[in-house]
Amino acid sequence: MIKIRLKRYGKKREVSYRIVAMDSRVRRDGRPLEELGFYNPRTDETRLNVPAIVERLKQGAQPTETVRDILTKAQVFEQLKTA
């Protein structure tokens with residue numbers, strides 16, 4: 001199963017995350033199928049590749065709870081309904 005989830009990177013106490021599409025059986029920091037965005041919880045900065053995310057969701061990828069909250073804030077699911 002393909003999951004859209006966070007991949008941690010950055011220094012200790014200065015963490016950032018990449019939003020990636022990965023096989024659910026792969027470890028957290030393993031090789032992603034595709035990078036879909038960026039999330040920095042310290043500054044609440046978010047950059048998303050919305051067309052790629054919508055395409056992955058159409059293919060049946062399941063977002064994790066945290067990623068679902070990020071995508072809801074960015075109103076990605078509304079674009080999924082109209083597409």
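Colleague: Which residues are buried in α1?

Modeller: This is a predicted model, where local features need pLDDT of at least 70, side-chain atom pairs count only at pLDDT 80 or more, and totals for chains, interfaces and linings use all residues. Residues are numbered from 1 along each chain as its sequence is written, and side-chain values use heavy atoms, with hydrogens and water left out. Buried means under 20% relative accessible area, exposed over 50%, and partly exposed in between (1.4 Å probe, protein chains only). Helices (H or I, at least four residues) and strands (E, at least two) are DSSP runs, numbered from the N terminus. In α1, the buried residues are V50, A52, I53, V54, R56 and L57.

Colleague: What does α1 give to the largest nonpolar core?

Modeller: A nonpolar core is a set of buried Ala, Val, Leu, Ile, Met, Phe, Trp, Tyr and Cys residues joined through side-chain atoms within 4.5 Å. The largest one here has 18 residues, and I53 is among those with the most contacts inside it. At least two residues come from each of β1 (2-11), β2, β3 (34-40), α1 (50-58) and α2 (65-73). The most come from α1, with 5 residues.

Colleague: Why is β2 described as largely enclosed?

Modeller: Of its 10 residues, 8 are buried, so the rest of the structure largely encloses β2. One residue of β2 (14-23) is S16, which counts as buried because its relative accessibility is 8%.

Colleague: How many bridges join β1 and β2?

Modeller: Two strands pair if DSSP finds at least two bridges between them. β1 and β2 pair in the antiparallel sense over 10 bridges, and G10 stands opposite V15.
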